[in-house]
Amino acid sequence: MTVAPLHDGIGRRILEFLSFVLALAHTASAFSTPIIRARRNNKSNTRSALTARHAAAAPSNHQGGSLPPLPDIRAAVIVPGFLTGKDEFLPLAASLNDMGIPAAVVPMPNWHWLPCLGGRSMRPMLERIDFTVRHLAGVAGNLGDFDRTAAEGLGRSLEGGAPGMGEVGTEDEGLRRRQTTLTTTTATDPQLLIPNFSYSPIDCYQDFRNNPGGVLEVGGSAEVDEYPRWDPRGSFPVPPEPAGRVALIGHSAGGWICRAYLSGREYGGKSYDGKRYVHSLITLGSPHGNAPGPAFKGVEWVNGEVMDSSSGVRALAVAGRGYKGDSCGELTQNAYRFCCPVGSDGSQYDGDGVTPVESALAMKDYVPHADTMILDDVGHFCWSDVFGGEAFAPDLTKLHREGRPWYGDSAVIEKWAGWL
């Protein structure tokens, strides 16, 4: 028997690390999207009450039976775009809450995207979307009585009857946290209805090693239908039984990933069939059109089926325009080239500075009943409000600083959120 020398194992680890760096460099050069952290929004927000459309429905059947029809609740889960996280979208959630639409962001920092670099499987993101949707759907019955529930809970808290809140580490702690927030501060922050989950840098590294697909063809192929069965790491508290269906709002890449979540087909060995818990989908500047390269293998997979009105899910594709590919900087032209067919340098397209109009509205080709909306002079992101915007997107940052809005500005939100 031949024993492999020790340095072979060390070399393999070095190769994996270099592959990690290569995937990061490939993604950054192709799409030029920064890893950024939003500045804290210290503005105090007052959330509005919301009435559910119907009474609470019967619970689901976790043993594999069909889910009984659930009432539609005018509440929403926000899915951040590629290499962004919860912090960047909390102001958007706060604005929706002020409009009377309780909203929560998928509770993840931007580094959770690392295992997906280079066009890898989006299973890690789908797990987080499923976790957040099912938790919000599980408390949907309480959202219609938001103010009264919180006022009563606040009174009990002042009397010393409410337990303190701690960091979630187990399912029992997560349940206690959910019960606490339902009786104290839910009226001011629906985000507190979503428990934390456990995911470490070691989990992230292991996921990067094993997550299939991408330019490295981990698992043997870049094709979604050829991905081996693999389960991402992380400890997610079990959600309560669903009490209603909520809306999904996906920004940028988060939009097409939401479509994968709604599908009943197996993605990497798991079918999420999220339409059981979702009544509406809004995508904001999301690339829905097929394009070359491993990063679009997931989009191509989603576009392999047609989701019609029988799905029970309404859909709206929102595009911004006014940022021409030949006049808004290198990032914009490269991003348009990335999202468009072979042979285009991106210069002739118009869009929001990252996603061209044609790609953002292409969902209509695969979701025929979807509505579309084009917003003039609306940009992709709040570049001047985030750390690193100036370095990664100087032209777009300058335009945003000069007053040009993005999808998450209050006046713009009113245009697309009214569709809900």
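Two residues are taken to be in contact when heavy atoms of each lie within 4.5 Å. On this criterion, among the contacts of the protein chain that join residues at least 6 apart in sequence, 77% link residues that are at least 24 apart. The model analysed here is a predicted one, and its protein chain contains 14 helices together with 10 strands. Of the 420 residues in the protein chain, 55% count as buried, while the area that the chain exposes comes to about 17800 Å², of which carbon and sulfur atoms supply 53%.

The nonpolar interior was examined next. The largest nonpolar core comprises 62 residues, and within it W113, V133, L248 and Y261 are the residues that touch the most other members. Helix α8, which spans residues 253–262, gives the most to this core, contributing seven residues. The surroundings of V133 can be listed in detail: when residues up to four places away in sequence are not counted, V133 touches V77, V246, L248, Y261, Y277 and V278. Two of these partners, L248 and Y261, are themselves named with V133 among the residues of the core that touch the most other members. Apart from the largest core lies another core, of 41 residues, which includes F89, I249, L316 and V354.

Among the helix pairs, the packing of helix α2 (residues 86–98) against helix α14 (residues 410–417) was characterised by an angle of about 60°, with the two axes 11 Å apart, and α2 passes α14 in a right-handed crossing. The contact is formed by L92, S95 and L96 on the side of α2, which meet S410, I413, W416 and A417 on the side of α14. Sorted by class, the residues of this contact are five nonpolar and two polar, with no charged residue taking part.

Backbone geometry was also considered at two loop positions that flank helix α8. In the loop between β4 (245–251) and α8, S252 has a phi near 55°, a positive value in a residue other than glycine. S252 has a relative accessible area of 4%, and because the cut-off for burial is under 20%, this residue is classed as buried. In the loop that connects α8 with β5 (278–284), D273 likewise has a positive phi, of about 50°, although D273 is not a glycine. Helix α8, which gives the most residues to the largest core, is thus bordered by the loop that holds S252 and by the loop that holds D273.

Definitions and conventions
Residues numbered from 1 in each chain as written. Predicted model: local features only at pLDDT ≥ 70, side-chain atom pairs only at ≥ 80, totals over all residues. Heavy atoms only, no water. Helix = DSSP H or I, 4+ residues; strand = E, 2+ residues; numbered from the N terminus. Buried < 20%, exposed > 50% of the residue type's maximum accessible area, 1.4 Å probe, protein only. Areas by Shrake-Rupley, 256 points an atom, 1.4 Å probe, with all protein chains shown as cover. Axes fitted to C-alpha atoms, helices over the stretch in contact; angles between N-to-C directions. Left-handed = near helix turned anticlockwise from the far one by under 90°. Nonpolar A, V, L, I, M, F, W, Y, C, P; charged D, E, K, R; others polar. Core = buried A, V, L, I, M, F, W, Y, C linked by side-chain atoms within 4.5 Å.
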